[in-house]
Amino acid sequence: MNGVFGKPNVMLGGASVWKGLVDGPAQVAMIDALRDVVAAAPLFRPRTRWGKEMSVRMTSCGRYGWYSDARGYRYVDTHPAGGAWPDIPDCIVALWHQVTGLERRPDCCLINLYSEGARMGLHQDRDEADFSFPVLSVSLGDDGLFRIGGDKKGGATQSLWLASGDVLMLGGASRLAYHGVDRIRFGSSSLLSGGGRINLTMRVVD
Ligand code: MD3
Ligand code: FE
């Protein structure tokens, strides 16, 4: 069941997409709120289990943050430098409730920053305890070429450019879909003064 925004305007492999749902002033408000989050919980580059640094820089807010190192992918309750993660800004939590229609709050809002050349390989999100909760993604800044397939590796995929203000909800059959970001169009948006793309992903963790 969706919330107050009703039907999505694009469906992509079972993912619901609301193009342009977050308007310009609301995007600026989110970026302003995220500045405080990043000041309290600085961006870092996670390493994969195999020791390779990811090209995307990350941080989190909420009860949990997503983390990866030689021990693998997992949610942790403190920033790698120590200390609790900052709260998820109200304007971002409000969007979660409005789009998902859920009373349950998200436990984690992962903040991914894609600078020039950054990408994210195809993967599944399966570190959460209950896949019946949807995942909500908000794109801010430069355009990103998003790709989504099915729940098996190596199957057919579909691609879509995500622009600033676009919102995606992954639920039901799409919750375990393989997905990734092939590339960004660096400098295509003026929302972030240094360029780049921010993706917020809100999740219920446990
Ligand atoms: C499809 N982030 O952080 S968001 C991630 O744009 C991640 O930064 C990408 O994949 C990004 O894990 C894609 C869209 C997204 C998020 C979660 C999903 C798509 C999803 C979960 C299941 C299926
Ligand atoms: Fe993902």
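This dialogue walks through two helices and a few buried residues in a predicted model.

Student: How are two packed helices described, and at what angle do the axes of helix H1 and helix H2 cross here?

Tutor: In general, two packed helices are described by the angle between their axes and by the distance between those axes. In this predicted model, the axes of helix H1, residues 24-40, and helix H2, residues 90-100, come within 8 Å and cross at roughly 125°. H1 and H2 are therefore oblique to each other.

Student: Which residues of H1 and H2 meet where the helices touch?

Tutor: On the H1 side they are Ala29, Met30, Ala33 and Leu34, and these meet Cys91, Ile92 and Leu95 of H2. Sorted by class, this contact of H1 with H2 has seven nonpolar residues, with no polar and no charged ones.

Student: How many residues does H1 have, and what length does it reach?

Tutor: H1 has 17 residues, and from its first C-alpha to its last it reaches 25 Å, which is close to the 24 Å expected at 1.5 Å a residue.

Student: Which residues of H1 are buried, and what do they pack against?

Tutor: Gln27, Met30, Ile31, Ala33, Leu34 and Val37 are the buried residues of H1. They pack against strand E3 (57-62), H2, E6, E8 and E13.

Student: Why do the buried residues of H2 lie on the same side of the helix?

Tutor: The general idea is that an α-helix has 3.6 residues a turn, so residues three or four places apart point the same way. In H2, the buried residues are Ile92, Val93, Leu95, Trp96, Val99 and Thr100. They cover an arc of only 155° around the axis, which puts them on the same side of H2. What covers these buried residues includes H1 together with strands E2 (15-18), E6 (108-114), E8 (135-141), E11 (167-170) and E13 (197-203). Just after H2 comes glycine 101, which takes a positive phi of about 75°.

Student: Is leucine 95, in H2, buried or exposed, and which residues does it touch?

Tutor: A residue counts as buried when its relative accessible area is under 20%. Leucine 95, found in helix H2, is buried, because its relative accessible area is 6%. Leaving aside residues up to four places away in sequence, leucine 95 touches Phe5, Leu21, Val22, Met30, Leu136, Val138 and Val167. With leucine 136 the separation is 41 residues in sequence and 9.2 Å in space, C-alpha to C-alpha.

Student: What does valine 93 touch?

Tutor: Valine 93, which also has its place in helix H2, counts as buried at 5% relative accessibility. Not counting residues up to four places away in sequence, valine 93 touches Ile88, Arg105 and Pro106. The C-alpha atoms of valine 93 and serine 190, which are 97 residues apart along the chain, are separated by 24 Å.

Student: Where does phenylalanine 44 lie, and is it buried or exposed?

Tutor: Phenylalanine 44 lies in the loop between H1 and E3, and at 13% relative accessibility phenylalanine 44 counts as buried. If residues up to four places away in sequence are not counted, phenylalanine 44 touches Val56, Arg57, Met58, Thr59, Trp66, Tyr67, His79, Pro80 and Trp85. Phenylalanine 44 and methionine 54 are 10 residues apart in sequence, and their C-alpha atoms are 9.6 Å apart in space.

Conventions. Residues numbered from 1 in each chain as written. Chains lettered and ligands numbered in written order. Predicted model: local features only at pLDDT ≥ 70, side-chain atom pairs only at ≥ 80, totals over all residues. Heavy atoms only, no water. Axes fitted to C-alpha atoms, helices over the stretch in contact; angles between N-to-C directions. Helix = DSSP H or I, 4+ residues; strand = E, 2+ residues; numbered from the N terminus. Parallel < 35°, antiparallel > 145°, perpendicular 65-115°, else oblique. Contact = heavy atoms within 4.5 Å. Nonpolar A, V, L, I, M, F, W, Y, C, P; charged D, E, K, R; others polar. Buried < 20%, exposed > 50% of the residue type's maximum accessible area, 1.4 Å probe, protein only. Arc of directions from axis to C-beta. Expected span 1.5 Å × (residues − 1).
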